[in-house]
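Got a minute to look at this one together? Pull up the model, and we'll walk through the parts worth a click.

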Amino acid sequence: MKKYAKIITAILLVTLLALTFVACIDPDNDSQGTMTLVLLNGDDAKEYTVDLSKIPSDSNQTGLMAVLDYLQSDGQLTYTEEGGLLTKVGDLINGVDGKYIYIYTDVESDFDVSEYAVQITYKEKSYTNSGWGASQTSVKDGCTIVITYLIWG
């Protein structure tokens, strides 16, 4: 029985190490084309069309965070983050009145596939919350990412 426990432990350890390396891979982002970022605060929507070729390739940010960084450096919006968590994006502020910033996407590979997945509709199109944080949420040519609130409590 100890022999099987050691084998299973070794398999689990190798799997964990492999997953750790996969988790560190940058999202598959496009560097050409355009994407749309929507900040949705109730009925107030602000849309940003982002030329992906203008996002600096030498940025230390990836995914959606690279887009937010670009828009902030271009003076189009402001954002803050603490410990990898978005605390403010434009007029959206995390944690006020039970409202928490949530990211929704139409990039299927980024969909939250857990039992807690949430969908919203914006302009008659459905978006699913991202299963990743902002730095891992993919930016693709033609995609739309909606940042809005999820209300708890």
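Here is a quick tour of strands, a helix, charged pairs and one aromatic pair.

Keep in mind throughout that this is a predicted model. Strand β9 is a good place to start: seven of its eight residues, in the stretch 144–151, are buried, so the rest of the structure largely encloses it. Helix α2, residues 63–73, is mostly covered too, with eight of its 11 residues buried. On the charged side, the count is three salt bridges, and D110 is buried without one.

**Strand β9 and its partners**

- β9 runs parallel to β1 (residues 34–41), and four bridges join the two strands.
- For a landmark on that pairing, find L37, which stands opposite I145 in β9.
- β9 also pairs with β6, this time antiparallel, through seven bridges.
- The landmark here is Y100, which stands opposite L150 in β9.
- As a reminder, strands of a sheet pair through backbone hydrogen bonds, and the pairing can be parallel or antiparallel.

**Helix α2**

- Which residues of α2 are buried? They are G63, L64, M65, A66, V67, L68, Y70 and L71.
- What do those buried residues pack against? Their partners are β1, β2, β3 (79–82), β4, β6 and β9.
- α2 lies across β3 and β4, and it runs at about 135° to β3.
- Just past the end of α2, look for G75, which takes a positive phi of about 80°.

**The three-stranded sheet**

- β3, β4 and β5 make up an open sheet in the order β3-β4-β5, with antiparallel pairing.
- β3 and β5 are the edge strands, each pairing on one side only.
- Four bridges hold the antiparallel pairing of β3 with β4.
- To find the register, start at T80, whose bridge partner in β4 is K88.

**Salt bridges**

- K46 pairs with D91, and their closest N and O atoms are 3.2 Å apart. K46 sits in strand β2 (residues 44–51) and D91 in the loop between β4 (85–89) and β5 (92–93), so this pair ties together parts that are 45 residues apart in sequence. K46 is partly exposed, at 37% relative accessible area.
- K123 pairs with E47, with the closest N and O atoms 2.7 Å apart. This one links distant parts of the chain: K123 is in the loop between β7 (119–122) and β8 (125–129), E47 is in strand β2, and they are 76 residues apart. K123 counts as exposed at 61% relative accessibility, while E47 is partly exposed at 41%.
- K125 pairs with D106, and here the closest N and O atoms are 2.7 Å apart. K125 lies in strand β8 and D106 in the loop between β6 (99–105) and β7, so the pair ties together parts 19 residues apart in sequence. K125 is partly exposed, with a relative accessible area of 37%, whereas D106 is buried, at 18%.

**D110, buried without a salt bridge**

- Where does D110 lie? You'll find D110 in the loop between β6 and β7.
- D110 is buried yet has no salt bridge, and the nearest side chain of opposite charge, K140, is 7.9 Å away. Why doesn't K140 qualify as a partner for D110? A salt bridge needs the nitrogen and the carboxyl oxygen within 4 Å, so K140 at 7.9 Å from D110 doesn't make the cut.
- What is D110 in contact with, leaving aside its neighbours within four places in sequence? The answer is T105, N129, S130, G131, W132, Q136, T137 and S138.

**The aromatic pair**

- Searching the whole structure turns up one aromatic pair. The pair is Y102 with Y104, tilted, at 5.7 Å centre to centre and 55° between the planes.
- Are Y102 and Y104 buried or exposed? Y102 counts as partly exposed at 22% relative accessibility, and Y104 is buried, with a relative accessible area of 1%.

Technical notes: Residues numbered from 1 in each chain as written. Predicted model: local features only at pLDDT ≥ 70, side-chain atom pairs only at ≥ 80, totals over all residues. Heavy atoms only, no water. Phe/Tyr/Trp six-rings, centres within 6.5 Å; stacked < 30°, edge-to-face > 60°. Buried < 20%, exposed > 50% of the residue type's maximum accessible area, 1.4 Å probe, protein only. Lys, Arg positive; Asp, Glu negative; His and termini not counted. Contact = heavy atoms within 4.5 Å. Pairing = 2+ DSSP bridges. Axes fitted to C-alpha atoms, helices over the stretch in contact; angles between N-to-C directions.
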